[in-house]
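Student: I have a model open and want to learn how to read it. Where do I start?

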Amino acid sequence: MEKIILTGDRPTGRLHVGHYAGSLRRRVELQDSGEYSRTFIMIADAQALTDNIEEPEKVRQNIIEVALDYMSCGLDPARSTMFIQSQISELCELTFYYMDLVTVARLQRNPTVKNEIQMRNFEASIPVGFFTYPISQAADITAFKATTVPVGDDQLPMIEQTREIVHKFNTVYAPVLVEPSALLAANEASKRLPGTDGKAKMSKSLGNCIYLADSADEVRAKVMSMFTDPQHLLVSDPGHLEGNTVFTYLDAFCKPEHFGRYLPDYGDLDELKAHYQRGGLGDMKVKKFLNNVMQELLEPIRTRRKELEKDIPAIYEILKKGSEEAREVAAETLSQVKSAMRINYFEDADLIRSQSERFGRNAQ
Ligand code: TRP
């Protein structure tokens, strides 16, 4: 079977290194691997609006930020179709039909939605659009017959729910839809990168993100003030790795060759960790190393972004073309869905013929 990628992000801010570790880096590798016949990357503005009802302008402003972040990381419009969710009206139609296949109780059990409802204090008044966004996400994925969805692990419940919808649809109607699989980041640290303050999630409101577009100075300042081990007061004290953000970031981003370049006293990360745990290794030295690792990673991304920023109309053009291409694919799936659901009255010559016969017979 053809392998197809679809994934996306809500445009509520610039993308940060958590997005990069959790999914973006993987997408670029997959795009470049040549193993996938198509790659679709969606800017999920309609989904962003489900919990940003008061802030349409924020969503509008961040479309271009996300597109620039995508392309500076190496997503290439020649190989990946980048598009804007709201421009594909077929996704709304699919969502509407999939709603018949999902119960309210099932949506209430979705752990990611549960968690988000709590975080946003929606308990008393959940917008219906927000509550049902997992169904719309199933439409996003299935419209493109995606087999593979590279995402962070908070998105697993969405993929699971999508698989259930696909299964139900294919059983009730006809085998039109494809069950997708999630593709997670390779290691634990990358799956869920904490904020620079050690808090579980990076978020703009907590001010604990390193953005892909941050300047070298901003990155350095953020790395130098990172949360480490609060009990590690003296250099000679034994340090702890558990919950130590600097080491979590190293787990996510450091490669063996970085030691040769920036910290030749150590052969690899395990040696560095062992020394830290023994005592005698100061936080400052580890942070300086991490800063070098982050700068090496982010410098080319930043440079490419600066280049891309010189021609903003070209970026919108790429998104427009991508949206047109995506729309064609989604329209084809929608047409198959409607015929499976027996609501394709005017494209079905057989229907009209058989009805004429039925009435003709009755009339005799
Ligand atoms: N829910 C995703 C997020 O918050 C964004 C998204 C929307 C998505 N539709 C998708 C991701 C389809 C993967 C596939 O980041």
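Tutor: We go from the overall build to the cores. Keep in mind that this is a predicted model.

Student: Which secondary structure elements does the protein chain have, and how many?

Tutor: The protein chain has 17 helices and five strands. Its C-alpha trace spans about 100 × 45 × 40 Å along the principal axes.

Student: How do I read the contacts by sequence separation?

Tutor: Take contacts between residues at least 6 apart in sequence; in the protein chain, 77% of these join residues at least 24 apart.

Student: What does the accessible surface of the protein chain come to?

Tutor: About 17,900 Å², with 53% belonging to carbon and sulfur atoms. Of the 364 residues, 49% are buried, where buried means under 20% relative accessible area.

Student: And the charges?

Tutor: Compare mean positions. The protein chain has 44 positive and 53 negative charges, and their mean positions lie 1 Å apart.

Student: Why look for nonpolar cores?

Tutor: Because nonpolar side chains tend to be buried together in soluble globular proteins. Here the largest nonpolar core has 54 residues. V17, Y249, L250, F253 and L272 touch the most other members. Helix α15 (residues 283-309) gives this core its largest share, nine residues.

Student: Which residues is Y249 in contact with, beyond its neighbours within four places in sequence?

Tutor: Among them are V17, L193, P194, M202, I210, M226, C254, L290 and M294. G195 and T196 are also in contact with Y249.

Student: What does the second core include?

Tutor: That separate core has 36 residues, including Y97, F144, A330 and A340.

Key
Residues numbered from 1 in each chain as written. Predicted model: local features only at pLDDT ≥ 70, side-chain atom pairs only at ≥ 80, totals over all residues. Heavy atoms only, no water. Helix = DSSP H or I, 4+ residues; strand = E, 2+ residues; numbered from the N terminus. Buried < 20%, exposed > 50% of the residue type's maximum accessible area, 1.4 Å probe, protein only. Contact = heavy atoms within 4.5 Å. Areas by Shrake-Rupley, 256 points an atom, 1.4 Å probe, with all protein chains shown as cover. Lys, Arg positive; Asp, Glu negative; His and termini not counted. Charge placed at Lys NZ, Arg CZ, Asp CG, Glu CD. Core = buried A, V, L, I, M, F, W, Y, C linked by side-chain atoms within 4.5 Å.
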